[in-house]
Amino acid sequence: MTTLIIGGSGFLGAELTRQARAAGHTTAATYYATKPRESSQTAWYPLDLRDAGRLDAVMAEVSPRLVVNASSVKDDWAVTAQGPVRLAMAAAKYGSRLVQVSSDAVFSGAGVTYDETCLPDPVTSYGAAKAAAETGILAVYPEAVVARTSLIVGGGRSVHERAVHELVAGTRDGVLFTDDVRCPVHVADLAAALLELASCDASGIHHLAGPDAVSRHELGLLIARRDGLDTSRLPEGLRAHSTLPGALDVRLNSQATQRKLSTTLRGARQFCMTTGARAQPVGL
């Protein structure tokens with residue numbers, strides 16, 4: 001089967017591409033600005049989701065059975081909100097299975113714990129764009145899967161892991177918030193779960209986050225200990241005292257979706273115990 005990863009040059013997209021190839025899929029992937037160096041086993045296509053003509057051309061050439069959208073540009077409504085709806089319309093036109101990656105940013109934090117039945121109430125423009133994409137996708141293509149996730153970590157390549165190393169080294173300013181709580185997920189677990197959802201008859205909203213609710217500071221400590229760094233060099237602070245917009249405490253409850261999966265979504269306290277652990281790819 002042929003799988004198309006939208007945003008394949010990103011952190012999650014690269015892992016999705018790797019796992020899809022490992023599962024025996026013919027893989028194609030898109031990039032927005034810079035083509036990845038690795039291209040021998042994947043067909044790469046430049047794509048701006050704002051360009052309906054280009055999107056249609058890519059879909060026609062690739063003819064994918066599965067499309068996974070792992071892309072977003074935080075400050076661009078046209079890409080993050082409108083682009084996925086355009087993609088859903090194209091997927092419906094070409095008869096492709098669609099999995100859209102969404103975010104816990106669709107919630108305000110007022111309810112703290114959120115399952116799939118909770119309605120979005122975003123407090124940032126990024127969260128509003130993601131919520132709009134969810135609504136639009138399911139309106140035009142009800143068979144699609146919308147998978148909300150949280151902080152994505154793994155392999156030392158995430159923005160969170162790089163930030164911890166830079167803070168310890170003193171090459172980055174800032175603090176890790178003790179009141180900013182999320183449910184981190186390992187990138188390999190998330191990619192495997194997304195491909196598994198694509199392989200079954202799932203549709204609608206699903207949550208894919210780890211079971212451990214940790215603050216950004218606690219996550220930083222876990223990463224630092226895993227990597228043998230000096231935890232005393234990690235500065236802490238309160239997001240409530242900062243000017244940064246966004247929710248404080250958002251905990252995705254993924255139990256309903258986890259019961260449908262053979263892929264285990266590990267918590268941060270578990271996956272930070274070892275280095276390089278990966279979930280097994282799932283075939284379609």
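# Helices, sheet and cysteines in a predicted model

User: Before anything else, how do H3 and H4 run relative to each other, roughly parallel or roughly perpendicular?

Analyst: Helices H3 and H4 are roughly parallel to each other, and please keep in mind that this is a predicted model. Helix H3 covers residues 77-94, and its axis packs against that of H4 at an angle of about 10°, with the two axes 8 Å apart.

User: Which residues make that contact?

Analyst: From H3 the contact involves Trp77, Thr80, Ala81, Pro84, Val85, Ala88 and Met89, and these meet Ser125, Tyr126, Ala128, Ala129, Lys130, Ala132, Ala133, Gly136, Ile137 and Val140 of H4. Sorted by character, the residues of the contact between H3 and H4 are 13 nonpolar, three polar and one charged.

User: Val140 is on that list, so where is it and what does it touch?

Analyst: Val140 belongs to helix H4, which spans residues 125-140. Leaving aside residues up to four places away in sequence, Val140 touches Val85, Ala88 and Met89. The C-alpha atoms of Val140 and Ala88 are separated by 6.9 Å, although the two residues are 52 residues apart along the chain.

User: Is Val140 buried or partly exposed?

Analyst: Val140 has a relative accessible area of 37%, so it counts as partly exposed.

User: Switching to the sheet, what is the strand order?

Analyst: Seven strands form an open sheet in the order E3-E2-E1-E4-E5-E7-E12, and the pairing is parallel. The edges are strand E3 (43-46) and E12, each of which pairs on one side only. Ignoring direction, neighbouring strands of this sheet are turned by 20° against each other on average.

User: Any specific bridge partners I can look for, say for Val68 and Thr149?

Analyst: For Val68, the bridge partner in E5 is Val99, and E4 and E5 pair in the parallel sense over four bridges. For Thr149, the bridge partner in E12 is Leu208, and strand E7 (residues 145-149) pairs with E12 in the parallel sense over five bridges.

User: E12 sits at an edge, so how many of its residues are buried?

Analyst: Strand E12 (residues 204-208) is mostly covered, with four of its five residues buried, even though E12 is one of the edge strands of the sheet.

User: Which helices lie on the sheet, and against which strands?

Analyst: Two can be described here. Helix H2 lies across strand E1 (2-6), strand E2 (26-31), E3 and E4, and runs at about 165° to E3. Helix H4 packs on the sheet as well, touching E5, E7 and E12, and its direction makes about 155° with that of E5. H4 therefore appears in two of our topics, since H3 and H4 are also roughly parallel to each other.

User: What about H5 and H7, how do they cross?

Analyst: The axes of helix H5 (residues 159-169) and helix H7 (residues 216-226) come within 10 Å and cross at roughly 75°, so H5 and H7 are roughly perpendicular to each other. The contact is made by His160, Glu161 and Val164 of H5, together with Arg216, Gly220, Ile223, Ala224 and Arg226 of H7. The residues of this contact divide into three nonpolar, two polar and three charged.

User: I'd also like to know about cysteines. How many disulfides are there?

Analyst: A search of the whole structure finds zero disulfides. Cys183 is in no disulfide, and the nearest cysteine sulfur, which belongs to Cys118, is 13 Å away. For Cys272 the closest cysteine sulfur is in Cys183, at 14 Å, which is too far for a bond.

User: And are Cys183 and Cys272 buried or exposed?

Analyst: Cys183 is buried, with a relative accessible area of 4%, and Cys272 is buried too, with a relative accessible area of 5%.

User: Last topic, backbone oddities: where are Ser63 and Val112, and what is phi at each?

Analyst: Ser63 is in the loop between helix H2 (52-62) and strand E4 (66-69), and its phi is near 50°, a positive value in a residue other than glycine. Val112 lies in the loop between strand E5 (97-103) and strand E6 (113-114), and its phi is near 65°, again a positive value in a residue other than glycine. Val112 has 30% relative accessibility, so it counts as partly exposed.

How values were computed: Residues are numbered from 1 along each chain as its sequence is written. This is a predicted model: local features need pLDDT of at least 70, side-chain atom pairs count only at pLDDT 80 or more; totals for chains, interfaces and linings use all residues. Side-chain values use heavy atoms; hydrogens and water are left out. Axes are lines fitted to C-alpha atoms, for helices over the stretch in contact, and angles run from 0 to 180 degrees between N-to-C directions. Angles under 35 degrees count as roughly parallel, over 145 as roughly antiparallel, 65 to 115 as roughly perpendicular and the rest as oblique. Contact means heavy atoms within 4.5 Å. Ala, Val, Leu, Ile, Met, Phe, Trp, Tyr, Cys and Pro count as nonpolar, Asp, Glu, Lys and Arg as charged, and the others, Gly among them, as polar. Buried means under 20% relative accessible area, exposed over 50%, partly exposed in between (1.4 Å probe, protein chains only). A disulfide is a pair of cysteine sulfur atoms within 2.5 Å. Two strands pair if DSSP finds at least two bridges between them.
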